[in-house]
Amino acid sequence: MDAVVAFLISIPISPLLSLLFEGIDRKLHARMQKRIGPPVLQPFYDLIKLLGKERIIPATASTRIFEIMPMVSTASSLLGASILLSNILSNSNIVGDLILIIYLLAMSSIALIVGGSASGNPYSAIGFSRKISMMIAYEIPMLIAVISMAFGPSPSLAVSSIIEFQVSRGLPLVASRLSMALAAAAFLLCIPAAASVVPFDIPEAKTEIIYGFLIEYGGPYLALAKVSKSVLNFTLTLLASAIFLYIPSLLGEAALLNLGLSLFLCLIVSLLIMFITITVPRTVLARLKVGQALKFYWVLPLTLSFSSIILSAVNL
Amino acid sequence: MFRVISRGRIKSPWIFHLNTGSCNGCDIEVVAAFTPRYDLERFGCLLVGSPRHADVLLVTGPVTRQMLPRLIRVYEQIPEPKVVVAVGTCASSGSPFLGSEMIEGPADRIIPVDAYVVGCPPRPEAIVKGVVMAVMSKFR
């Protein structure tokens, strides 16, 4: 498929898929608590309702930043998701798009907290400072895990060439080398913090600081913030399934010829990753403190990603 | 188009719960309505902490003089369209406190109320039904 066509297709598809993923996540979460749970289409209903509500801008807010930042956030996470999805769909080679995607995802979180803290609410300020500490905790191991790709068996930072490498080996990257397995483990451990779900939902902490930086957002702004967050979660899980666990590579060369089927398999794997890294932790664990989360991320995932780089330096 | 919007509104009422001097009995029952046994979330409801996110205001208690300005303020902070449900006998009629100079209620003397759930305290099923009926009648 042509790269431009694939990109244009993936712009509307990625928010639809991510809202669907969020609905499945909420349903599974409810079933694990022995509840019936909301319908799978619940995020779509929420979105329609929020878009039709009144816009309120608090008197204490700096209006422009408060209004624009949810749009910036949604735009950057959507762009990240569409670049990734179109790379899987079309095998177009963009040099260094892995770094671009990670950067856009960080950008979307930062835009949201900047907009929220422009509301002038003290809880948003607390949320802002907590999110910054959390980003220091998880962004470093995550970036190192991604950068270890450049030292790995396929020295590249382009998603499509990593996928091509996995297909040519006929094995997902996790299974090919020990170093890549460690990098994948570090990346997966970073997903719950990047998605800010329960053990690491410190910046939002619904029962503690009342959604932190989202507290003053309502109506269409909240809708944009919700879309941005769910697209971010979707992109993270899809990224993990594309660069570390590209299961369609087991099909061999057919994976490159039959791109629709490999995208479908990839989505199934990312659904599983979402279940393991987002749904299960948020159901069974309780919220940590900022210091505990920082300690966790700088002990386990950081060690894993550093040892991945060291191991790939000695070709393991 | 209009039907899609009204369906979205009916399917996702987010609840903000305000205690205006209740004895805490109704508040426990409101929380009980979200437990796995009654599971208000199956109608798409969420208990939110900020009035900016809410669609439904659950008022419990007979609006004391201290809570009067706060009730009005929280009501105004909820973006339109919104629904108010008075939970418990106190919020519906002010029952044992009616005529006391310490209370300004019941709630419908201060803000427009769309549904009344009576009982002292009401059962969680009644609260679930009250929320669903108020949303259905207002947003259809």
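In β4(B), the bridge partner of B:L58 is B:V85, a pairing that belongs to a predicted model. B:L58 lies in strand β3 of chain B, residues 56-60, and the register between β3(B) and strand β4 (residues 83-87) of chain B is parallel over 5 bridges. Within this register B:V56 stands opposite B:V83 in β4(B). The two strands are also linked through a helix, since β3(B), helix α3 (residues 68-77) of chain B and β4(B) make up a right-handed β-α-β unit.

**The sheet of chain B**

Five strands build an open sheet, whose order in chain B is β2-β1-β3-β4-β5 and whose pairing is parallel. Its edges are β2 (46-47) and β5 (115-117) of chain B, each of which pairs on one side only. Strands of a sheet pair through backbone hydrogen bonds, either parallel or antiparallel. The strand pairs with a stated number of bridges, each with one of its opposed residue pairs, are set out below.

| Strand pair (chain B) | Sense and number of bridges | Opposed residues |
|---|---|---|
| β1 (14-19) and β3 | parallel, 5 bridges | B:L18 and B:V59 |
| β3 and β4 (83-87) | parallel, 5 bridges | B:L58 and B:V85 |
| β4 and β5 | parallel, 3 bridges | B:V85 and B:A115 |

B:V85 thus appears with two partners: B:L58 is its bridge partner from β3(B), while B:A115 stands opposite it in β5(B).

Which residues of β3(B) lie on each of its faces? B:V56, B:L58 and B:T60 are on one side, B:L57 and B:V59 are on the other, and all of them are buried, with the result that both faces of the strand are covered. In a regular strand the side chains alternate between the two faces of the sheet. For β4(B), where 5 of 5 residues are likewise buried, B:V83, B:V85 and B:V87 point one way and B:V84 and B:A86 point the other way.

**Nonpolar cores**

In soluble globular proteins, nonpolar side chains tend to be buried together. The largest nonpolar core here has 98 residues, and the members that touch the most others are A:L84, A:F187, A:C190, A:A193, A:A240, A:A242 and A:F244. Helix α10 (residues 220-243) of chain A gives the most to this core, contributing 15 residues. A second, separate core consists of 35 residues, including B:V84, B:A91, B:Y116 and B:V131. B:V84 is one of the buried residues of β4(B) described above.

A:F244 offers a closer view of the packing in chain A: once its neighbours within four places in sequence are left aside, this residue is in contact with A:P172, A:L173, A:V174, A:M180, A:A184 and A:F187. Of these partners, A:F187 is itself among the core members that touch the most others.

**The helices and overall form of chain A**

Chain A has 13 helices and 0 strands. Its radius of gyration is 19 Å, close to the 20 Å that the globule rule gives for 316 residues, so chain A is as compact as a globular protein of that length. Taken along the principal axes, its C-alpha atoms fill a box of roughly 60 × 40 × 40 Å. Among the 316 residues of the chain, 54% count as buried. Of the contacts in chain A with a separation of 6 or more, 82% are between residues 24 or more positions apart.

One helix may serve as an example of burial in this chain. Helix α6 (residues 159-169) of chain A is mostly covered, with 8 of its 11 residues buried, namely A:V159, A:S160, A:S161, A:I162, A:I163, A:F165, A:Q166 and A:V167. After α6(A) comes A:G170, whose phi is positive, near 75 degrees.

**Where the chains meet**

How many residues does each chain bring to the contact between chain A and chain B? Chain A brings 25 residues and chain B brings 17 residues. On the side of chain B that touches chain A, the division by class is 4 nonpolar, 6 polar and 7 charged residues.

Definitions and conventions: Residues are numbered from 1 along each chain as its sequence is written. Chains are lettered from A and ligands numbered from 1 in the order in which they are written. This is a predicted model: local features need pLDDT of at least 70, side-chain atom pairs count only at pLDDT 80 or more; totals for chains, interfaces and linings use all residues. A nonpolar core is a set of buried Ala, Val, Leu, Ile, Met, Phe, Trp, Tyr and Cys residues joined through C-beta atoms within 7 Å. A residue is buried if 20 or more other C-beta atoms lie within 10 Å of its own, exposed if 12 or fewer, and partly exposed in between; C-beta atoms are placed from the backbone. Helices (H or I, at least four residues) and strands (E, at least two) are DSSP runs, numbered from the N terminus. Two residues are in contact if their C-beta atoms, placed from the backbone, lie within 7 Å. The radius of gyration is taken over C-alpha atoms; the globule rule is 2.2 Å times the number of residues to the power 0.38. Ala, Val, Leu, Ile, Met, Phe, Trp, Tyr, Cys and Pro count as nonpolar, Asp, Glu, Lys and Arg as charged, and the others, Gly among them, as polar. Two strands pair if DSSP finds at least two bridges between them. A crossover is right-handed if, with the strands pointing away from the viewer, the path from the first strand over the helix to the second runs clockwise.
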